[in-house]
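Thanks for asking me to look this over. Here are my notes, in numbered points, so that you can follow along with the structure open beside you.

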Amino acid sequence: MALNLVMLGPPGAGKGTQAERFAREHGIPKVSTGDILREAVHSESELGRQVKAVMERGELVGDDLMIGIVRERLSRPDAMAGFVLDGFPRTAAQAQALDEITASRGPVICVEIQVPDEELVRRVRGRRVCDDCGANADAFEHKPGALPDLCQNTERCRSIGPSWVARSDDSESVVRERLKVYWRDTRPMIEYYSSRPTFRSIDGLQTPEQVREALVSAAASALGMPASQLQSMTKKLDGEAQAS
Ligand code: ADP
């Protein structure tokens with residue numbers, strides 16, 4: 001059985017951080033639509049040119065475009081043992097498309113991270129990302145100039161050090177717009193998932209480590225297994241793929 005996980009929740013809830021770690025620990029790819037789009041904007045590709053202005057306003061990119069991107073990404077061989085989706089689906093149409101894409105891939109676990117709006121605005125205002133590799137850091141937790149050495153991902157980061165910047169869509173007015181869009185378009189979609197046996201909600205106000213533990217427990221309980229079994233599940237799948 002594949003380990004398919006969808007992370008749900010508002011901007012700033014910690015989905016990206018948790019998705020990254022869960023994916024690494026379970027040997028499955030993290031698919032973040034925000035990262036895919038930001039990378040396209042950064043490299044000034046055709047896709048990047050199409051989505052830049054929409055993202056800067058805090059609005060949603062069109063469903064057809066997003067569904068095409070996710071369909072292609074999930075069709076790659078590394079996603080067959082499972083995946084962690086972050087930032088998708090965000091609308092009812094995207095959720096329906098995901099059901100169709102994953103129809104023959106076993107259960108899809110949906111975990112919502114809940115955080116109150118005011119805390120989200122606070123977090124996002126303090127968020128800094130490495131301009132080069134996209135790693136996240138919290139400017140409130142770390143004094144300017146003393147941000148942690150989080151981004152060793154690219155050659156440029158390693159040679160000249162990270163350049164921490166605020167995301168262009170993290171200004172307070174754009175964050176409020178993103179939250180408005182979230183409550184209007186995305187939250188109702190979560191209702192669509194909430195009646196499923198594989199849906200779980202966790203408290204995002206806990207420390208990152210506590211949220212990580214809650215996420216692992218939620219995913220395991222959604223599949224009706226102990227947490228220790230989750231990891232062996234993807235390892236076994238890996239082995240099967242290598243043997244075939
Ligand atoms: P957030 O911090 O709001 O979770 P993301 O990094 O997931 O932000 O996404 C940044 C922006 O990229 C969104 O505000 C939106 O413009 C666009 N985007 C990302 N994923 C989607 C999606 N599934 N559908 C439409 N737009 C998307």
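1. A word on terms before we begin: a residue is called buried here when its relative accessible area is under 20%, exposed when that area is over 50%, and partly exposed in between. Please also keep in mind that this is a predicted model. With that cut-off in hand, take strand β4, which spans residues 108-114. Six of the seven residues in β4 are buried, leaving the strand mostly covered.

2. Which strands pair with β4? One is strand β1 (residues 3-8), which runs parallel to β4 and is joined to it by five bridges. Within that pairing, N4 stands opposite V108 of β4. Strand β8 (residues 199-203) also pairs with β4 in the parallel sense, again over five bridges. Here S201 of β8 is the bridge partner of E112.

3. E112 deserves a point of its own. This residue sits in strand β4, and its relative accessible area is 3%, which is under the 20% cut-off, so E112 counts as buried. The side chain of E112 makes a polar contact of 3.5 Å with the side chain of Q114. What else does E112 touch, once its neighbours within four places in sequence are left aside? The contacts are L8, Y182, R187, I190, F199, R200, S201 and I202. You have already met S201 as the bridge partner of E112 in β8, and Y182 comes up again in the next point.

4. Now for the aromatic rings: how many aromatic pairs does the structure hold? There are two. In one of them, Y182 and W183 meet edge-to-face, with 5.5 Å from centre to centre and 80° between the planes. The two partners differ in cover: Y182 is buried because its relative accessibility is 5%, whereas W183, at 45%, is partly exposed.

5. The other pair is made by Y192 and Y193. Why is it called edge-to-face? The ring centres of Y192 and Y193 are 5.4 Å apart and their planes stand at 70°, which is over the 60 degrees needed for that label. In this pair Y192 is partly exposed, with 33% relative accessibility, while Y193 is buried at 1%.

6. Elsewhere in the model there is an open sheet of three strands, in the order β6-β5-β7 and with antiparallel pairing. Its edge strands, β6 (136-138) and β7 (164-165), each pair on one side only. Strand β5 (residues 127-130) is joined to β7 by two bridges in the antiparallel sense. If you would like to find that pairing on screen, look for C130, whose bridge partner in β7 is W164.

7. Helix α3 (residues 46-57) is worth turning so that you look down its axis. Its buried residues are G48, V51, V54 and M55. Why can they be said to line one face of the helix? Seen down the axis of α3, they fall within an arc of 140°. Among the elements that cover these buried residues are α2 (33-42) and α4 (63-74). Just after α3 comes G58, which takes a positive phi of about 80°.

8. L65 gives you a close view of one side of that packing. This residue lies in helix α4, and with a relative accessibility of 30% it counts as partly exposed. Leaving aside neighbours within four places in sequence, L65 is in contact with L47, Q50 and V51. L65 and V51 are 14 residues apart in sequence, and their C-alpha atoms are 9.7 Å apart in space. V51 is also one of the buried residues of α3.

9. Last, the ligand. Which residues come nearest to it? Of the 19 residues around the ligand, these are T33, R38, E59, G87 and R178. For R38, an N or O atom of the side chain is 2.8 Å from an oxygen atom of the ligand. For E59 the backbone takes part: one of its N or O atoms lies 2.5 Å from a ligand oxygen atom. R127 has a polar side-chain atom 3.2 Å from an oxygen atom of the ligand.

Key
Residues are numbered from 1 along each chain as its sequence is written. Side-chain values use heavy atoms; hydrogens and water are left out. Rings of Phe, Tyr and Trp (its six-membered ring) pair if their centres lie within 6.5 Å; planes under 30 degrees apart count as stacked, over 60 as edge-to-face and the rest as tilted. Buried means under 20% relative accessible area, exposed over 50%, partly exposed in between (1.4 Å probe, protein chains only). Helices (H or I, at least four residues) and strands (E, at least two) are DSSP runs, numbered from the N terminus. Two strands pair if DSSP finds at least two bridges between them. The arc is that of the directions from the helix axis to the C-beta atoms. Contact means heavy atoms within 4.5 Å. A polar contact is a pair of N or O atoms within 3.5 Å; within protein, one must be able to donate a hydrogen and the other to accept it, and residues adjacent in sequence count only if both atoms are side-chain atoms. A residue is near a molecule or strand if one of its heavy atoms lies within 4 Å of it.
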